[in-house]
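Reader: Before I use these coordinates, I would like to learn how such a model is read, feature by feature. Could you take me through it?

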Amino acid sequence: MTRSRSQDTGVCGVTAAIAVIDGKWKTALLWLLESGPQRPGELRRRLPGLSEKVLTQALREMEADGLVHREVHDVLPLKTVYSLTGFGRELSQVLAPVSDWGHRRLERLAEARSTS
């Protein structure tokens, strides 16, 4: 899904919601930020395989979509902290049942593999 779809007011609600979490890392970032504010380095350490460039891009898009708040502390070296906004927390709560469904699906797949 392209970034422009997240700004298209003529799409259905599900498409609009998926557009802001589309990509490999955004749902994982939402999940990590649920536990509280985090620095970019902490997020990268907790998500092996996530490059600094992709992290920065994902966080910028999430900030533009109103899901995360970026706070820069005026100390040397600069300290940047990301946290969920109220809108981001709301999305995270909405995704909880989807996560539960996903876990049930994975359990079914594991059961099917073990019986075959």
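**Reading the model**

Author: Let us begin with enclosure: the buried residues of helix 2 are covered by elements that include helix 1 (13-21), helix 3 (40-46), helix 4 (52-64), strand 1, strand 2 and helix 5 (86-115). Here helices (H or I, at least four residues) and strands (E, at least two) are DSSP runs, numbered from the N terminus. This is a predicted model, in which local features need pLDDT of at least 70 and side-chain atom pairs count only at pLDDT 80 or more, while totals for chains, interfaces and linings use all residues. Residues are numbered from 1 along each chain as its sequence is written, and side-chain values use heavy atoms, with hydrogens and water left out.

Reader: Where in the protein chain is confidence lowest, and where is it highest?

Author: The general caution is that where pLDDT is low, the predicted coordinates should not be read in detail. pLDDT is the predictor's confidence in each residue, from 0 to 100; the protein chain averages 91, and 94% of the residues score at least 70. Confidence is lowest in helix 1, at a mean of 90, and highest in strand 2, at 97.

Reader: Why is helix 2 described as largely enclosed?

Author: Buried means under 20% relative accessible area, exposed over 50%, and partly exposed in between, with a 1.4 Å probe and protein chains only. Helix 2 (residues 26-33) is largely enclosed by the rest of the structure because six of its eight residues are buried, namely Lys26, Ala28, Leu29, Leu30, Leu32 and Leu33.

Reader: How do strand 1 and strand 2 pair?

Author: Two strands pair if DSSP finds at least two bridges between them. Strand 1 (residues 68-73) and strand 2 (residues 79-84) do so in the antiparallel sense, over six bridges, and they form a hairpin with five residues between them. His73 stands opposite Lys79 in strand 2.

Reader: Is Ser83 buried or exposed, and which residues does Ser83 contact?

Author: Ser83, which lies in strand 2, is buried, with a relative accessible area of 17%. Contact means heavy atoms within 4.5 Å; leaving aside neighbours within four places in sequence, Ser83 is in contact with Leu33, Pro37, Leu67, Val68 and His69.

Reader: Which classes of residue make up the lining of the largest pocket?

Author: By class, Ala, Val, Leu, Ile, Met, Phe, Trp, Tyr, Cys and Pro count as nonpolar, Asp, Glu, Lys and Arg as charged, and the others, Gly among them, as polar. A pocket is an open set of points on a 1 Å grid over the protein atoms alone, where a 1.4 Å probe fits, with protein on both sides within 12 Å along at least five of seven lines, and lining residues have an atom within 4 Å of a point. The lining of the largest pocket has 12 nonpolar, no polar and two charged residues.
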